[in-house]
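Visitor: I should like a close look at a single part of this structure, namely the sheet and what is arranged around it. Please take me through it in one connected account.

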Amino acid sequence: MPEIVVISGVAGMTGSLVARRLLDRGCDIIGFDNYFAGSREEISLLTQYENFHFFPYDLNDASQMDELFRFVTAKMEEFQTSPSFINCAAVVHTKHFYNPEDTFLTNVVGMRDSLHRAIEAGFLKYINCSTSEVYSMNSWMEGGVREDSPVLLATAEQSLRCSYATGKLLTEHFLKDCVNRGLIKGCSIRFANVYSPTEAHDEHIIPYIISSLMKTNSVVLLENAKKTIRTFLHNSDSCDAVIALLDNEKSLDGSIFNVGTSEEISIIDLVAKIAKLIRIEDYLIEFSGNRTADPPRRLLNVEKIEKAVSWTSKIGLDIGLRQCIEYRMKRG
Ligand SMILES: NC(=O)c1ccc[n+]([C@@H]2O[C@H](COP(=O)([O-])OP(=O)(O)OC[C@H]3O[C@@H](n4cnc5c(N)ncnc54)[C@H](O)[C@@H]3O)[C@@H](O)[C@H]2O)c1
């Protein structure tokens, strides 16, 4: 009997790769995306699979969601099975973090609505994509921040950036509450700085640095970047984590899993590494602008997911960056 998985935000970085992996193992995927930031190219690749059903729908459009869930219910009756829901739809990029109105409707209201619809329709599992942004001003400690580490959120007096994190935190509470009440199984995943070689947007830091160096031999960074250190997680590894958790019912106890790497690099060194890989010797870094409440360092402790499902990140930054550069060189 095929497994049915509904994926919101299926045209995005995480949703599209998770969909492809699940299709390859014979799942029926019902995916939707409003193309807010998603890739039409990824959808045209996915539609080559017979068992991929795509709807260009908005999580916040009640009549579209009614229609989608009617389609899912018919499939459930046909296959006599309870589906899973993977919520990848979100307003994600950093430029939106500072505008609460941009993120609230989809990330909070839409997430809660989809969770309740999934429960009402009789879904078995719900995977909630949360974020390491929730650690906010406490994003680093020796050995990495843990899922049960207290968070220190910047308030609106300090920065509006945390409106995104606050919304995502709330989704973790919604899910935990429903799991505690025995309504569904599920977990929340806190990803840190995911990148993909085929990322459509140049706004994320890795594609931005590559494109900028390739075009102008120079990069404009924020003033913050002078002291920012980050880890970067390959999309292949983050999708492995989603699927490993989906497959492990014991982990779906409403709790939270960090997903990240321990390979830290400063943004200045990241530029140097990318320049070396592109073989650019002379490049210029300029600094302009600032971001409030941008944590200087972010390191997650991932022992919980390693123990629960034997997940570990496999693709180191050197290999990942080579893939990103190769893609952007081919694309021109
Ligand atoms: N990329 C990262 O570094 C990162 C880090 C932490 C957490 N996350 C989380 O992982 C999840 C997936 O993120 P991603 O990196 O794939 O981002 P993405 O922007 O590539 O994908 C999100 C998708 O959701 C779609 N979407 C947005 N609003 C929608 C709506 N109202 N209805 C339907 N579709 C909608 C977008 O069009 C896009 O295709 C998100 O929940 C995000 O918060 C990502």
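Guide: In this predicted model, Ile4 of strand 1 has Asp28 as its bridge partner in strand 2. That pair belongs to a set of five bridges joining strand 1 to strand 2 (residues 28-32), and the two strands run parallel. Strand 1 itself spans residues 4-8 and is mostly covered, five of its five residues being buried. Its side chains are divided between two directions: Ile4, Val6 and Ser8 point one way, Val5 and Ile7 point the other way, and all are buried.

These two strands are part of an open sheet of seven strands, ordered 3-2-1-4-5-6-11, in which the pairing is parallel. Strand 3 (52-55) and strand 11 (253-259) stand at the edges; each has a single partner strand, so one side of each is left without a neighbour in the sheet. From one strand to the next the twist averages 15°. Further along the order, strand 4 (residues 84-87) pairs with strand 5 in the parallel sense over four bridges. There, Ser84 has Lys125 in strand 5 as its bridge partner.

Helices pack on this sheet. Helix 3 (residues 62-79) touches strand 1, strand 2 and strand 3, and its direction makes about 175° with that of strand 2. Helix 8 also packs on the sheet, where it touches strand 4, strand 5, strand 6 (185-191) and strand 11; the direction of helix 8 makes about 165° with that of strand 6.

Helix 8, residues 235-247, has a further partner in helix 1: the two pack at an angle of about 60°, with their axes 9 Å apart. The crossing of helix 1 past helix 8 is right-handed. On the helix 1 side the contact is made by Met13, Thr14, Leu17, Val18, Arg21 and Leu22, which meet Asn235, Ser238, Cys239, Val242 and Ile243 of helix 8. Sorted by class, the residues of this contact are seven nonpolar, three polar and one charged.

Helix 1 leads on to the ligand. The shell around the ligand consists of 28 residues, and the closest are Gly9, Gly12, Gly38, Ala90 and Cys129. Helix 1 (13-24), helix 5 (100-121) and strand 5 (125-131) each supply at least two residues of that shell. Helix 1 gives the most, with three residues. Strand 5 therefore has a place both in the sheet order and among the elements that supply the ligand shell, if one follows the definition of strands as DSSP runs. By class, the ligand shell has 14 nonpolar, twelve polar and two charged residues.

The connections on either side of strand 4 can be examined residue by residue. Gln80 is found in the loop between helix 3 and strand 4. Its phi is near 50°, a positive value in a residue other than glycine. Gln80 counts as exposed because it has 7 C-beta neighbours inside 10 Å, the limit for that class being 12 or fewer. Val91 lies in the loop between strand 4 and helix 4 (94-97). In contrast to the exposed Gln80, Val91 counts as buried, because it has 20 C-beta neighbours inside 10 Å. Apart from its neighbours within four places in sequence, Val91 is in contact with Phe36, His96, Asp102, Thr103, Thr106 and Asn107. Val91 and Asp294 are 203 residues apart in sequence, and their C-alpha atoms are 18 Å apart in space.

Two arginines complete the account. Arg279 is located in the loop between helix 9 (267-278) and strand 13 (284-287). Arg279 also has a positive phi, near 65°, in a residue other than glycine. With 6 other C-beta atoms within 10 Å, Arg279 is exposed. Arg328, by contrast, has its place in helix 11 (residues 317-331) and counts as buried, with 20 C-beta neighbours inside 10 Å. Leaving out residues up to four places away in sequence, Arg328 touches Pro207, Ile210, Ser211 and Met214. One of these, Ile210, is 118 residues from Arg328 along the chain, yet the two C-alpha atoms are separated by 7.7 Å.

Notes: Residues numbered from 1 in each chain as written. Predicted model: local features only at pLDDT ≥ 70, side-chain atom pairs only at ≥ 80, totals over all residues. Near = placed C-beta within 6 Å. Nonpolar A, V, L, I, M, F, W, Y, C, P; charged D, E, K, R; others polar. Axes fitted to C-alpha atoms, helices over the stretch in contact; angles between N-to-C directions. Left-handed = near helix turned anticlockwise from the far one by under 90°. Contact = placed C-beta atoms within 7 Å. Pairing = 2+ DSSP bridges.
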